[in-house]
Structure formats: structure tokens, C-alpha cells
Amino acid sequence: MALKDGKKYVDEIKLFIEIESKYTMQCEEQSLYRNLRKLHHIGAVDFESGKGHKGPERKYYYLTALGNELFTRFVERNIQLFFNSKITKLLKMEETL
């Protein structure tokens, strides 16, 4: 999801995860690199080198066409489910209990 709105380097991805999860999720850079390599290997993510603010060039990661397709399928299967009217009603019932 961090790459859905454009190219990011690992520190930006890490920050996105922390902020958007309201600091309930954290990840190590090495874990991110490992997962990005796996996603790159299957063609879901690619990268390009770009200037860093200070120091060496950075890898800026982005979703490929396959990555966007996989993301869309993931959202349809795992997230949009919760916007189903019956599920929404059940979730609201839980709030009132």
C-alpha cells in the first residue's frame, strides 16, 4: 500500500507503515529489503536508482502493472469485504454490545 501513491525508498516505506498504522506496526529495514527483493523477484515491484539527499544513490521502489493487479485483488478479497452492508451492520452491532 505504501507504494500505491508513487515511488518510495525504504525509509519512506517504513515511515508510511508506522504513521498509517498509528505506530501499532513497525518493521526493520532488513525485513523490508527482504520482502522487496521477493516482490521484485516475482515482478510485482521494481526500482530505479535516484539521488539521495545526502550520500549515495537510493533505490526508489514502485509497483509494476502486476503489482497493481495483485494489490487490487488483495483489496477486493480482504478489505472491501468489510464494506459489505451485512458485515458493516454486524460490526456496528459489536460496537453497541
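**Exercise 1. A pair inside α1**

Work out how many helical turns separate K14 and E18, given that the two are four residues apart in helix α1.

*Solution.* Bear in mind that we're working with a predicted model.
- Step 1: start with the general rule. An α-helix has 3.6 residues a turn, so residues three or four places apart point the same way.
- Step 2: apply the rule. With their positions four residues apart in α1, K14 and E18 sit about one helical turn apart.
- Step 3: check whether the side chains pair up. They do: K14 and E18 meet in a salt bridge, at 2.9 Å from N to O.
- Step 4: look at the surroundings. K14 has a relative accessible area of 22%, so it is partly exposed. E18 comes out at 12%, which means it is buried, since the cut-off for buried is under 20%.

**Exercise 2. The same spacing in another helix**

Find out how E69 and R73 are placed in helix α3 and how their side chains meet.

*Solution.*
- Step 1: locate them. Helix α3 covers residues 65–78, and E69 and R73 are four residues apart in it, so about one helical turn separates them.
- Step 2: inspect the side chains. Those of E69 and R73 meet in a salt bridge, with 2.9 Å from N to O.
- Step 3: add the accessibility. E69 has 38% relative accessibility and therefore counts as partly exposed.

**Exercise 3. A link across the sequence**

Which parts of the chain does the K7–E48 pair tie together?

*Solution.*
- Step 1: recall the principle. Side chains of opposite charge can pair when their charged atoms come close.
- Step 2: get the distance. The closest N and O atoms of K7 and E48 are 2.9 Å apart, and the two residues form a salt bridge.
- Step 3: place the partners. K7 is in the segment before α1, while E48 belongs to strand β1 (residues 45–50), so the bridge joins parts that lie 41 residues apart in sequence.
- Step 4: check the exposure of each end. K7, at 43% relative accessibility, counts as partly exposed. E48, at 37%, counts as partly exposed too.
- Step 5: put it in context. The structure has four salt bridges in total, and K7–E48 is one of them.

**Exercise 4. Does the geometry of α2 add up?**

Compare the expected span of helix α2 with the distance between its end C-alpha atoms.

*Solution.*
- Step 1: count residues. α2 runs over residues 29–41, which makes 13 residues.
- Step 2: compute the span. Multiply 1.5 Å by one less than the number of residues; for α2 this gives 18 Å.
- Step 3: compare. The end C-alpha atoms are 18 Å apart, so the two values agree.
- Step 4: look just past the end. After α2 comes G43, with a positive phi near 90°.

**Exercise 5. How α1 and α2 pack**

Are α1 and α2 roughly parallel or roughly perpendicular to each other?

*Solution.*
- Step 1: take the angle. α1 (residues 10–20) packs against α2 at about 110°, and the axes are 10 Å apart.
- Step 2: classify it. Angles of 65 to 115 degrees count as roughly perpendicular, and α1 and α2 therefore fall in that class.
- Step 3: list the residues that meet. On the α1 side they are V10, D11, I13, K14 and I17; on the α2 side, E29, L32, Y33 and L36.
- Step 4: sort that contact by class. It has six nonpolar residues, three charged ones and no polar ones.
- Step 5: zoom in on D11. This α1 residue has a relative accessible area of 37%, so it is partly exposed. Its C-alpha is 9.9 Å from that of E28, with the two positions 17 residues apart along the chain.

**Exercise 6. Positive phi without glycine**

Where are K22 and Y23 found, and what are their phi values?

*Solution.*
- Step 1: know the background. Most residues other than glycine have a negative phi.
- Step 2: read the angles. K22 has a positive phi near 55°, and that of Y23 is positive as well, at about 65°.
- Step 3: locate them. K22 sits in the loop between α1 and α2, and so does Y23.
- Step 4: check accessibility. K22 is exposed, at 69% relative accessible area. Y23 is exposed too, at 52%.

**Exercise 7. Sequence versus space**

Compare how far D5 and Y62 are apart in sequence and in space.

*Solution.*
- Step 1: place D5. It is in the segment before α1, and its 60% relative accessibility means that it counts as exposed.
- Step 2: set the two separations side by side. D5 and Y62 are 57 residues apart in sequence, and their C-alpha atoms are 8.9 Å apart.

How values were computed
Residues are numbered from 1 along each chain as its sequence is written. This is a predicted model: local features need pLDDT of at least 70, side-chain atom pairs count only at pLDDT 80 or more; totals for chains, interfaces and linings use all residues. Side-chain values use heavy atoms; hydrogens and water are left out. Axes are lines fitted to C-alpha atoms, for helices over the stretch in contact, and angles run from 0 to 180 degrees between N-to-C directions. Angles under 35 degrees count as roughly parallel, over 145 as roughly antiparallel, 65 to 115 as roughly perpendicular and the rest as oblique. Contact means heavy atoms within 4.5 Å. Ala, Val, Leu, Ile, Met, Phe, Trp, Tyr, Cys and Pro count as nonpolar, Asp, Glu, Lys and Arg as charged, and the others, Gly among them, as polar. Buried means under 20% relative accessible area, exposed over 50%, partly exposed in between (1.4 Å probe, protein chains only).
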